[in-house]
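Please read the following walk-through with the sequence and the coordinates open side by side. The text moves from one element to its neighbours, then to the chains as wholes.

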Amino acid sequence: MTAVASEPSAKAAAGLALADAADGGRLLTFSGRLDSYSIAGVWREARAAAAAAPNRRIVIDASAVDYCDGGGVAMLVDLLRQPRPADAPISVRGLKPQFKTLLDQFDPHAFEAPAAPPPPQTRTVEEIGRGASQLFRDMRTQIAFIGETTGALWFALTHPQRVRWKDVWYECEQVGANALPIVTLISFLLGVILAFQAAVPMRQFGAEIFVADLVGLAIIRELGGLMTAILLAGRSGAAFAAEIGTMKVNEELNALTTMGLDPVRFLVVTRIIAAILMVPLLSLYANLVGVLAGGLTMLSFNIPLVTYLKEVDSAVDLKDLFAGMVKTPVFAVLIAGIGCLRGLQTQTGASGVGISATRAVVSGIVLLVAVDGIFAVIYYILDI
Amino acid sequence: MSPAPDPEPIVRVEGLVAGYDGNILLQNVSFTVNRGEVFVILGGSGCGKSTLLKHMIGLYQPIAGKVLIDGDDIVTAEGAARRAILTKIGVMYQSGALFGSMTLLENVRLPLEEYTVLDQDAMDLIARMKLKLVGLEGFAGHIPSEISGGMQKRAAIARAMALDPGILFLDEPSAGLDPITSAELDALIRRLAGSLHITFVIVTHELPSIYAISDRVIMLDKRAKGIIAEGDPKLLRDTSDNPWVRQFFRREAELAPEAA
């Protein structure tokens with residue numbers, strides 16, 4: 001089905017001429033080069049001509065065909081497979097031997113168009129059942145994963161010498177040090193935007209100085225930790241899912257299991273420890289950058305940096321810092337845990353890895369916001 | 001199995017120098033592949049077989065030299081000229097490299113969708129015929145993970161043939177297959193070469209496959225950084241002056257390789 005010795009150097013386009021035969025039949029004369037690139041038009045014309053003469057004999061004259069590849073042969077097979085009455089068949093004549101050899105490899109009736117698939121039926125109850133079952137399985141997997149991870153973390157706590165610290169430090173670099181530029185940028189912009197948006201209306205009341213209270217409290221109690229966690233869910237959570245997912249697709253997880261190594265201890269614990277170490281530090285750093293960015297913004301409102309910082313100091317106490325920071329290890333466990341879980345749940349293929357990374361980010365962010373809300377309620381009840 | 005009486009070069013590699021990070025892997029490699037022949041590139045592990053293949057299909061840029069596909073240099077071609085060259089070749093990768101989210105039919109149909117303006121049912125028919133040629137007509141609706149490794153390789157050959165290229169490049173087609181599946185694949189390659197006049201360029205070091213399918217071979221060597229033997233594999237096995245070549249073909253161990 002490819003270039004053969006008689007292939008012409010000049011590429012003549014595919015041609016089709018229709019004529020009535022002397023015996024009352026229909027004559028379809030193909031000419032030129034019949035390949036996948038050139039036959040689309042003549043293919044449609046030939047089919048239409050055959051359909052327009054349902055009760056007449058049709059002869060396909062291919063003696064003027066210079067070249068015929070798999071596409072051209074497919075066209076002839078398509079014409080020959082059309083259902084016709086016994087006294088009005090379609091036949092091919094004049095095809096050069098080297099092309100006929102190709103055509104003879106196929107039985108046209110073996111390629112009769114497959115029956116159209118039945119229209120999809122919506123079975124609502126079945127769909128609800130499947131959804132509920134999937135949800136239940138997912139929850140069971142998550143509970144099992146939480147149990148396994150807790151056990152593995154407890155083992156790591158009681159046997160620190162068994163922890164793969166080299167991997168932990170590597171993950172610390174990935175999660176922490178390498179995230180510094182993006183955390184710096186986002187925290188800085190957050191501080192600037194917060195201060196600027198608050199300062200403009202507050203200036204009307206001569207209350208610009210209280211922007212420091214707003215920025216300090218909002219960033220240190222809430223936004224510094226939350227924004228850092230959301231950033232890391234997008235950055236590191238997705239990376240964990242993709243990395244472990246690729247390992248699963250490549251059967252590296254099976255290799256670990258058959259070597260008697262628990263993938264959770266080997267892969268998940270190191271990442272969770274790294275996240276627990278890095279997320280609080282990054283959050284603290286984000287708080288600092290955000291508050292300073294607010295101070296720099298307030299310079300343009302004639303509030304000196306010292307005055308701004310003194311106001312922040314008076315508005316924010318250690319309790320607020322504690323309230324903001326105590327959430328961050330929980331965020332860390334969520335980010336790393338969800339990322340690793342989605343990686344371990346990866347299905348086969350490259351798309352499976354992509355789906356896992358997406359699920360890690362989406363469910364990570366949803367859980368972060370939900371847990372942050374729970375913390376807010378707890379703080380309100382405890383009057384923190 | 002003998003080459004055409006009047007050989008017509010369809011692939012010509014001229015003075016190819018290839019390497020990575022300043023290390024020369026292949027130095028001044030030149031050879032031709034004739035139209036319609038099954039041409040095998042062989043050699044020990046790490047000698048640069050797959051690297052050479054990837055240069056021949058334009059994936060890698062050589063340090064120097066030319067790779068002429070039907071007269072056009074794939075090294076320097078860009079844009080439409082490069083696309084035109086790429087329609088003349090089909091490639092089967094070692095792993096098959098089928099798209100996992102698509103059925104076999106969709107995998108084979110993909111090049112037709114991108115390069116032709118055929119109707120959907122016409123493309124479907126061509127794709128089904130290609131799958132029939134490789135014996136997978138009953139698996140058109142399966143995704144790659146649902147079929148065996150040997151079947152994946154056959155499906156990859158069907159995809160490589162979708163646009164009826166004149167030249168098929170196969171990277172380690174027999175690797176990882178059981179002897180029966182490997183022999184079936186060899187038979188398929190010979191059948192396609194014989195009936196469809198496809199030129200095959202195959203990288204392999206599976207000796208049974210080399211004897212079964214090849215018209216002509218070149219043998220690469222890591223120390224020589226190039227070709228140390230060229231010709232009929234059985235003749236090379238029996239008559240080569242180079243002990244390393246004879247050792248390779250006879251699957252003998254313990255003889256230190258020496259460059260030709």
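Which residue with a positive phi follows H4(B)? The residue is B:Gly135, and its phi is near 75 degrees. The model is a predicted one, and the helix that comes before this glycine is a useful place to start.

H4(B) is built from 14 residues and extends 20 Å from its first C-alpha to its last, close to the 20 Å expected at 1.5 Å a residue. Most of the helix is covered, with 11 of its 14 residues buried. The buried set includes the hydrophobic side chains B:Met123, B:Leu125, B:Ile126, B:Met129, B:Leu131 and B:Leu133. B:Asp124, B:Arg128 and B:Lys130 are also among the buried residues of H4(B).

What do the buried residues of H4(B) pack against? Part of the cover comes from chain B itself, through H3 and H5, and part comes from chain A, through helix H1 (40-52) and helix H2 (70-80). H4(B) thus has packing partners in both chains. The neighbouring helix H3(B) can be read in a similar way. Its buried residues are B:Leu104, B:Leu105, B:Asn107, B:Val108, B:Arg109, B:Pro111 and B:Leu112. Among the elements that cover them are H4 and helix H5 (149-160) of chain B.

The contact between the chains comes next. It joins 26 residues of chain B to 26 residues of chain A. On the chain B side, the elements that give two or more residues are helix H3 (104-115), helix H4 (120-133) and helix H6 (179-196). H4(B) supplies the largest share of that side, eight residues. By residue class, the side of chain B that touches chain A has 13 nonpolar, seven polar and six charged residues.

The strands of chain B can be followed from S8. Strand S8 (residues 199-203) of chain B is mostly covered, and five of its five residues are buried. In a regular strand, side chains alternate between the two faces of the sheet. In S8(B), B:Thr199, B:Val201 and B:Val203 point one way, while B:Phe200 and B:Ile202 point the other way.

Which strands pair with S8(B) in the parallel sense? One is strand S3 (residues 38-43) of chain B, which is joined to S8(B) by four bridges. Here B:Val38 stands opposite B:Phe200. Another is strand S7 (residues 167-171) of chain B, which pairs with S8(B) over five bridges. In that pairing, B:Ile167 has B:Thr199 as its bridge partner.

Chain B also holds an open sheet of four strands, in the order S2-S1-S4-S5, with antiparallel pairing. Strand S2 (23-34) and strand S5 (72-73) stand at the edges with a single partner strand each, so one side of each has no neighbour in the sheet. At the S5 edge, strand S4 (residues 64-69) of chain B pairs with S5(B) over two bridges, in the antiparallel sense. B:Ile69 has B:Asp72 in S5(B) as its bridge partner.

Taken as a whole, chain B has nine helices and 10 strands. Its radius of gyration is 18 Å, close to the 18 Å that the globule rule gives for 260 residues, so chain B is as compact as a globular protein of that length. Along the principal axes, the C-alpha atoms of chain B fill a box of roughly 55 × 40 × 40 Å. Of the 260 residues in chain B, 48% are buried. Among the contacts in chain B between residues at least 6 apart in sequence, 65% join residues at least 24 apart.

Chain A has 13 helices and four strands. Its radius of gyration is 35 Å, whereas a compact globule of 384 residues would have one near 21 Å. The C-alpha trace of chain A spans about 105 × 60 × 50 Å along its principal axes. Chain A is divided into domain 1 (15-111) and domain 2 (149-382), and the C-alpha centres of these two domains lie 67 Å apart. Of the 384 residues of chain A, 38% count as buried. Among contacts in chain A between residues at least 6 apart in sequence, 83% join residues at least 24 apart.

Technical notes:
Residues numbered from 1 in each chain as written. Chains lettered and ligands numbered in written order. Predicted model: local features only at pLDDT ≥ 70, side-chain atom pairs only at ≥ 80, totals over all residues. Domains from an automatic or database assignment. Contact = placed C-beta atoms within 7 Å. Rg over C-alpha atoms; globule rule 2.2 N^0.38 Å. Buried ≥ 20, exposed ≤ 12 C-beta atoms within 10 Å, placed from the backbone. Expected span 1.5 Å × (residues − 1). Pairing = 2+ DSSP bridges.
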